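Trainee: I would like to learn how to read a structure like this one. Could you walk me through a few features?

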Amino acid sequence: MNKVFLYNTLTRQKDEFKPLHGRKVDLYTCGPTVYNYAHLGNLRTYIFEDVLRRVLEFNGYKVKHLMNITDVGHLTSDADTGEDKLEKGAKREGKSVWEIAEFYTQAFKENLNDLNIKEPTIWCRATDYIKEQIKFIRKLEKRGLIYKTSDGVYFDTSKYPDYPKLARLNLEGQKEGSRVEINKEKRNPTDFALWKFSYANGRSFDSAQDDAASRRQMEWKSPWGVGFPGWHLECSAMSIKKLGKEFDIHCGGVDHVSVHHTNERAQNWGLTGKESVKWWVHGEFLIINEGKMAKSEGNFITLQTLKDRGINPLAYRYFVLQAHYRSKLNFSWEALQAAQAGYDNLIRDIAGLEPPTPRLWRSGKPGQACNTCLGKFTQAINDDLNTPAALAVVQELLKSDKPSSKKRQTIIEFDKVLGLNLNQYKKEKVVSREVEKLIKERQTARQNRDFKKADEIRQKLEEQGIKIKDLPDGGYEID
Ligand code: AMP
Ligand code: ZN
């Protein structure tokens, strides 16, 4: 069994990964806030998480992967102020929040599909777990960890001495308002909302005093008042409900370290009294014009824009894999076009390789793969997902004098992790010489109207995994 090393934000070092339960790994990845299209920065993070999952699977682990869909409670400011992003999106598009959420969830799933990102084992929508979130707050209340203000219910972070650890926060030096905006009723600057009221003090909408246009579409009754859950709460409630009080890995982008994940960790501790998450793993930003690509910065590019410009989404995946997930990556159209050219070359080189022998091919076993190359590749990916080094192994293999079909079989193995759809064939190169001879014989038989013989050869070819489709013009295609 090979060792996998991962950088854990909690310990600030690369540690050997050891799951809590044998060969099973529980993985939670923070999902999209579905008020707009995901941008390329967001998608970089999902590609990194997909590679992490594939690396674990490549090493023989069974991964249960949970991803949430944030369809309520994510406010425009991390300081628990501002508008709910979903409500804002609904106003922008003149639709209901439910329609907005559904539309952008589907768009997000299409992005995942285009980028060859494996679907999570379980999807969780925040609005499907409101009861669980209320129950969670009740438990924190019983432990004396919360307090109420005029605009919501807050977690008292001073009760959790280990609060600063994940982000290495300097609470002493942290002036109120430097990390988040000021809310005078908060006891500590780092306290965060568990439940936000729709209207002051948790009262309901009152047509006599409230402006109908300000009415929230999403709100629920709770023991503290009418409102909606805070954004951090959904991830704690759903991960613990689905993966248990202790689970292996929690991922997200680096921006989540200091607020979202720090707060999740505090809530988890409040509920379980434990360090719930063993591994916090974070991906660095995609940068554009020296700034973070972000919806709020108005500098964001979607996958559709790439497609409109003739860029293959998998060329974007290739571009992302060329950088280590913990390094910043600069986006530019020139760099992306270079990645597209590099990807096309790679596909062309691989398409020219002989297929592995049909028996091994069909059994799906890496019988013919080059073990030395697999060893090097595994060492790269198991070293904190070093995809640039793994791609270098691909190039080294292609340039080597290993037999063509061995190269292909090895690349089929590599692609389980890279997910670049590398196992493509050039039409004219698809068959071995023996198969080519059989196809020619069959063509001759067809021309001679010897259909019995043609069928017998077809049968033989099918036994070797080669399907022939006859075309109306007398030619053929290989499936
Ligand atoms: P959101 O939909 O805003 O909740 O973000 C979804 C994911 O994308 C989160 O894990 C963020 O940390 C991540 N993210 C946001 N901006 C970027 C960026 N520019 N580069 C990489 N990841 C990002
Ligand atoms: Zn989250």
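Trainee: Which side chain does aspartate 470 meet in a salt bridge?

Mentor: Good place to begin, and please keep in mind that this is a predicted model. Side chains of opposite charge can pair when their charged atoms come close. Here, aspartate 470 meets arginine 442, with 2.9 Å from N to O. The pair links distant parts of the chain: aspartate 470 sits in strand β15 (residues 468-470) and arginine 442 in helix α14 (residues 433-447), 28 residues apart.

Trainee: Are these two partners buried or exposed?

Mentor: Aspartate 470 has a relative accessible area of 28%, so it is partly exposed. Arginine 442 is at 3%, which counts as buried because the limit for that is under 20%. Salt bridges with shared partners also join Arg442, Arg446, Arg458 and Asp470 into one network.

Trainee: How many salt bridges does the structure hold?

Mentor: It holds 32. One of them joins lysine 196 to aspartate 151, with 3.1 Å between the closest N and O atoms. Lysine 196 belongs to strand β8 (residues 192-197) and aspartate 151 to the loop between β6 (146-149) and β7 (152-155), so this pair ties together parts 45 residues apart in sequence. Lysine 196 is buried at 9% relative accessible area, while aspartate 151 is partly exposed at 23%.

Trainee: What about charged residues on the surface: which ones gather in a patch of positive charge?

Mentor: For a patch, look for like charges that are accessible and have no salt bridge. In this chain the members are Lys131, Lys135, Arg138, Lys139, Lys142, Arg143 and Lys245. Take lysine 131 as an example: it lies in helix α4 (residues 130-142), and its relative accessible area of 71% makes it exposed.

Trainee: Now the metal. Which protein donors does the zinc ion (ligand 2) have?

Mentor: To read a metal site, list the donor atoms and then find them along the chain. For this zinc ion (ligand 2) they are Cys30 (SG), Cys235 (SG) and His260 (NE2), at 2.0 to 2.2 Å. Their spacing along the chain is C-x204-C-x24-H. Cysteine 30 is in the loop between β3 (24-29) and α1 (40-58), whereas histidine 260 is in helix α6 (residues 257-272), 230 residues away. Both cysteine 30 and histidine 260 are buried.

Trainee: And what does the whole chain look like: how many helices and strands are there?

Mentor: There are 15 helices and 16 strands. Of the 479 residues, 54% are buried. The C-alpha atoms fill a box of roughly 90 × 50 × 40 Å along the principal axes.

Terms used
Residues are numbered from 1 along each chain as its sequence is written. Chains are lettered from A and ligands numbered from 1 in the order in which they are written. This is a predicted model: local features need pLDDT of at least 70, side-chain atom pairs count only at pLDDT 80 or more; totals for chains, interfaces and linings use all residues. Side-chain values use heavy atoms; hydrogens and water are left out. Patches are made of residues with over 30% relative accessible area and no salt bridge: like charges are joined within 9 Å, nonpolar side chains (Val, Leu, Ile, Met, Phe, Trp, Tyr) within 5 Å. Accessible areas come from the Shrake-Rupley method with a 1.4 Å probe; for residues, only the protein chains shown count as cover. A salt bridge is a side-chain nitrogen of Lys or Arg within 4 Å of a carboxyl oxygen of Asp or Glu. Lys and Arg count as positive and Asp and Glu as negative; His and the chain ends are not counted. The place of a charge is taken as NZ of Lys, CZ of Arg, CG of Asp or CD of Glu. Helices (H or I, at least four residues) and strands (E, at least two) are DSSP runs, numbered from the N terminus. Buried means under 20% relative accessible area, exposed over 50%, partly exposed in between (1.4 Å probe, protein chains only). Donors are N, O and S atoms within 2.8 Å of the metal (3.2 Å for Na, K and Ca); water is not among the atoms, so sites may look incomplete.
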